[in-house]
Structures are given as structure tokens and as C-alpha cells.
Amino acid sequence: MSINRFTLQLDEIKAAYAAEPNPTLEVRLERIGRIERMISANEEKICKVLTADFGTRHVVESRLLEFQMVYQACKHARKHLKEWMKPELVPTPGFLGSSHAWTQMQSMGVVGIMSPWNYPVQLALVPAIAAFAAGNRVWLKPSERSSRTSGFLATLIQEYFHPSEFCVTTGGTEVAESFAALPFDHLFFTGSAGIGKKVMRAAAEHLTPITLELGGKSPVIVDSSAKLKDAAVSIIYGKLVNGGQTCIAPDYAVVRASDCNTFVQELRNAAQEQFSNPEELTGAIDEHQLARWHQLVQDAVDRGAQAIPLITPSKNTAPSFTPVALLNTPEDALIMKEEVFGPILPILAISDIDSVIRYINERPKPLALYWFGKDKKVMQRILNETRSGGVTINDTLLHAAVEDLPFGGIGPSGMGAYHGKAGFDAFSHRKSVLQVGSFFGLSSLRGTKLARPPYGKNVQRLLRWLR
């Protein structure tokens with residue numbers, strides 16, 4: 001598809017938006033409801049294409065981490081959207097007399113969404129729900145790496161929506177580059193930091209407002225006050241669900257040196273208990289991803305790391321990749337420089353809290369941080385002295401499941417946030433309005449009259465009074 005065809009298509013969607021720039025609450029909820037019905041009526045089919053893309057992906061995992069997030073976003077919007085849309089009165093200074101001021105939320109126009117492959121349903125539709133809640137039209141570009149799911153999702157959206165409401169364009173790198181270069185009213189991107197930089201450069205050409213949901217190396221800190229078994233059970237789930245292909249998965253663990261061996265054994269116990277069934281361990285999205293996992297482990301081992309398998313494969317099944325923990329991994333290993341995005345967990349032995357905080361702060365700010373323990377003073381130090389997009393304490397992943405918590409990164413891990421009202425706000429313009437009234441009912445004291453030239457004694461008296 002040429003850039004001219006893209007431009008014409010965007011013009012058509014913008015024309016449709018211009019004809020209905022402020023959709024009613026009922027229209028917005030109806031569009032959100034169509035997304036919900038679309039998923040509900042096609043769960044089984046979507047599970048099949050997800051499995052086809054990943055090779056192995058259990059239907060429960062898809063329903064829990066894809067569909068449930070969509071249903072939750074729809075339910076939350078239905079409950080709160082009327083309140084979000086209301087104008088909000090703000091106080092006015094005394095010198096403005098009977099003036100009134102308020103802010104009102106307005107839609108932006110056409111929102112472009114570039115979604116990734118790791119959760120190709122949830123991460124396409126949850127931002128779209130927020131955009132519809134704010135009164136916008138949506139144009140989606142899903143990832144080509146999850147080609148079967150992206151193609152089927154495009155077919156479903158075409159069935160449930162007019163293309164001027166919710167448009168979908170599939171394709172590879174050239175399509176993505178053309179898409180990012182369009183003059184959207186807002187552009188939302190989820191993916192890697194490297195691609196995020198390219199998207200941001202393209203959006204800058206038109207000064208397009210942008211939200212970037214990226215990733216990074218999210219640490220999990222196991223404090224000396226933590227129960228290692230409980231921590232290991234939660235960490236393994238966060239690390240291995242979806243095959244580790246989660247932007248907020250624990251990227252590396254920090255434990256006391258004296259706890260390392262016990263912690264590794266607890267990780268192995270937890271992994272064997274939760275993911276010994278090969279049908280419940282999601283596979284790599286493609287051969288490129290699988291090769292990268294093997295490369296990361298081999299590079300670390302070649303540099304002196306110790307690789308410890310977390311799962312013992314059964315005699316009848318040999319998985320294409322066995323999840324591993326890495327001990328004694330040197331800082332120059334690739335896995336310590338790149339986001340893992342797979343079932344590999346480096347474990348660092350750092351005993352004192354000052355060193356833990358310093359280690360995290362010397363590196364790019366992560367999308368998520370996890371802390372396990374009972375010592376509230378240490379917990380507060382971690383919360384106050386580190387920077388991350390979000391935090392879950394004594395578990396993993398769950399802060400992203402709370403609709404009232406904004407979800408987003410900081411610095412290299414992202415820009416802007418969504419989920420719940422944060423998503424509504426991200427895709428809305430908060431317009432400021434001042435209705436000027438008189439002071440003491442005197443028209444001579446209305447608004448700027450006293451401040452207008454020629455500047456005489458009245459203006460001087462006004463300045464003294466305002467001070």
C-alpha cells in the first residue's frame with residue numbers, strides 16, 4: 001500500500017470524525033460493547049490462531065491474559081465513562097469576581113495504534129477501548145510477527161466495525177514505517193525501545209502526540225526478610241507465563257549471596273510444579289525468537305555463567321527450549337545488556353540494600369519493579385529511591401491488572417500511560433474554559449478592563465492589590 005493510499009484512507013476517517021466530533025456517551029459505549037461481543041463470540045477461534053502463532057499456547061493462558069484484560073477494560077469503562085466525561089469546575093481567583101472556570105474533555109480525532117506480537121489481542125484492543133471511550137476513531141496496525149492472529153483480528157474488526165470507525169491495516173516493516181509517518185491526532189505504540197525511537201522520529205515530523213509503551217530490564221528484589229519459597233512461586237509465574245514474552249516479566253533477580261542456592265532450588269521446585277506440562281508452557285513466537293534465546297544463554301555460559309535448567313523435561317517430550325536460571329553472569333554478557341523477553345532468569349548476588357538501589361539506579365529506568373519481603377522500612381526505601389513505571393510488592397505482574405492504576409513506563413521504558421481513566425485522559429484533550437463575569441456586578445470591573453492601557457493610577461492600584 002502506497003503512502004498516498006494511506007493518506008487518502010486517513011482523510012476518509014478524519015472526515016467521518018469531523019461529522020461526529022463529539023460522540024455521545026451512548027455511542028461510545030456501543031462501540032466498546034461491540035469489541036466485547038466480538039471477542040466473546042470468537043474466543044475459541046482466536047485461541048486457535050494464537051496457538052498457531054506461538055506453536056504452543058494454552059487456551060487458559062489466552063483467556064486469562066488476553067480476553068480477560070479486554071473484558072475488564074470494557075466493564076471499567078461502562079461503569080465510569082459517564083463520570084469521566086463530565087466537565088470539572090475549577091476555582092477562579094478573587095479578582096475575576098463572578099467568573100466561572102472549568103475543564104472539559106474532548107476527543108482528539110483519529111488515534112493510530114501500533115500493537116505488538118506478544119499479546120496480540122489484549123495490546124491491540126485495550127488501547128482501542130480507551131480511544132473509543134474518549135470519543136475518537138481508531139486505526140490499528142498489528143504486528144506481522146503474529147501474522148495469523150493479526151489477520152484474523154483484522155477480519156473480525158471489519159465484520160463488527162465500519163472502516164471509518166475502526167480500521168485495520170496489516171503488513172510488514174514498510175507498512176509500519178508508512179503508518180507511523182501519518183499525521184494522526186495521537187499515535188500509540190507498544191514494542192521495543194529501538195523501534196519506539198523510530199516511531200517517535202516519524203511522529204515528530206507532524207508533531208503528533210505520542211504514547212510509547214516499551215520495556216526494559218525489570219528487576220525483582222528478594223529481600224532478606226522474604227520467604228524464599230513464596231517469592232520463587234510468584235517469580236516463576238511472572239517469568240514463564242507466555243514463555244517469558246511479557247514486557248513486565250521479571251528480567252533478573254537480586255538476592256543475598258547466602259540465599260542463592262536455596263533460591264535456585266525453590267525456583268526449580270516452583271517451575272516443575274507449575275510448568276512441567278509442555279502444553280502449558282508457551283512457545284517462542286518464531287524461529288528468530290527461539291534462536292535468540294539460545295544465543296543469550298550460550299553467550300552467558302561462554303563468559304563464565306552457570307546455566308541451571310528450571311524444568312526437567314519428560315522422556316516423551318523434548319521442548320525446543322528449556323527454561324533456565326543463570327548464576328555468576330558477567331556484566332558484559334548480552335543478557336545483562338538486553339531485555340530478555342524469554343524464559344531465562346539471571347540471578348545476581350547483592351546483599352546490602354544500598355548496593356541493590358545503586359545497581360538499579362545506574363541502569364535505564366525499568367517498566368516494572370518487584371520487591372519481596374516483610375521489612376517495611378526497606379520496602380519504603382525501594383519505593384522512594386528507585387524509579388520504575390510501576391511496582392508490585394510480594395507478587396509479579398498484578399499492578400498491570402488494576403484498571404485504576406495507570407500503566408506506563410518512565411524514560412527509556414516508555415512515555416505516557418493508559419488503562420482505566422489514564423487511558424481516557426491519554427486520548428482526550430482537556431480544554432480549559434473561562435466564562436468572564438463582572439466584579440460586584442459592575443461592568444467597569446469586568447475582566448481585563450482595569451488592566452488596559454493607557455496605564456494610569458488605576459493600573460498601579462490594581463498591581464498593588466493583586467500583590
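1. A patch, as the word is used here, is made of residues with over 30% relative accessible area and no salt bridge, and nonpolar side chains are joined into one patch within 5 Å. The model under review is predicted.

2. With that in mind, one nonpolar surface patch covers about 320 Å² and is formed by Val59, Val60, Leu64 and Tyr237. Helix α4 (residues 59-85) gives the largest share of this patch, three residues. Tyr237 belongs to helix α9 (residues 228-240). Tyr237 counts as partly exposed, its relative accessible area being 30%.

3. Helix α9 also leads to the first of the two sheets discussed in this note. The chain passes from β8 through α9 to β9, and this β-α-β crossover is right-handed. Strand β8 (residues 219-222) is covered on both faces. Pro219 and Ile221 are buried on one side, and Val220 and Val222 are buried on the other. This fits a general pattern: in a regular strand the side chains alternate between the two faces of the sheet.

4. Which strands pair with β8 in the parallel sense? One of them is strand β9 (residues 252-255), which is joined to β8 over three bridges. Another is strand β13 (residues 368-372), which runs parallel to β8 and is also joined by three bridges. Ile221 has a bridge partner in each of these strands: Val254 in β9 and Trp371 in β13. Val220 of β8 stands opposite Tyr370 in β13.

5. These strands are part of an open sheet of seven strands with mixed pairing, in the order β10-β11-β12-β9-β8-β13-β14. The edge strands are β10 (306-309) and β14 (390-393), each of which pairs on one side only. From one strand to the next, the twist averages 20°. As background, strands of a sheet pair through backbone hydrogen bonds, either parallel or antiparallel.

6. On the β9 side, the next link is to strand β12 (residues 344-349), which runs parallel to β9 and is joined to it by three bridges. Within this pairing, Ala253 stands opposite Ile347 of β12.

7. Is β13 enclosed or open? Five of the five residues of β13 are buried, so this strand is largely enclosed by the rest of the structure. Both of its faces are covered. Ala368, Tyr370 and Phe372 are buried on one side, while Leu369 and Trp371 are buried on the other.

8. Strand β13 also pairs with β14: the two run parallel and are joined by four bridges. Ala368 of β13 has Gly390 as its bridge partner in β14. Between these strands lies another crossover, as β13, helix α13 (residues 376-385) and β14 make a right-handed β-α-β unit.

9. A further open sheet has six strands in the order β5-β4-β3-β6-β7-β16, again with mixed pairing. Why is one side of β5 and of β16 left without a neighbour in this sheet? Strands β5 (166-168) and β16 (414-415) stand at the edges and each has a single partner strand, so one side of each lacks a neighbour there.

10. Inside the six-strand order, β4 and β3 stand next to each other. Strand β3 (residues 110-114) and strand β4 (residues 137-141) run parallel and are joined by five bridges. One pair of bridge partners is Met114 with Lys141 of β4.

Methods
Residues numbered from 1 in each chain as written. Predicted model: local features only at pLDDT ≥ 70, side-chain atom pairs only at ≥ 80, totals over all residues. Heavy atoms only, no water. Patch = residues over 30% accessible without salt bridge, like charges linked within 9 Å, V, L, I, M, F, W, Y side chains within 5 Å. Areas by Shrake-Rupley, 256 points an atom, 1.4 Å probe, with all protein chains shown as cover. Salt bridge = Lys/Arg side-chain N within 4 Å of Asp/Glu carboxyl O. Buried < 20%, exposed > 50% of the residue type's maximum accessible area, 1.4 Å probe, protein only. Pairing = 2+ DSSP bridges. Right-handed = clockwise from strand over helix to strand, strands pointing away. Axes fitted to C-alpha atoms, helices over the stretch in contact; angles between N-to-C directions.
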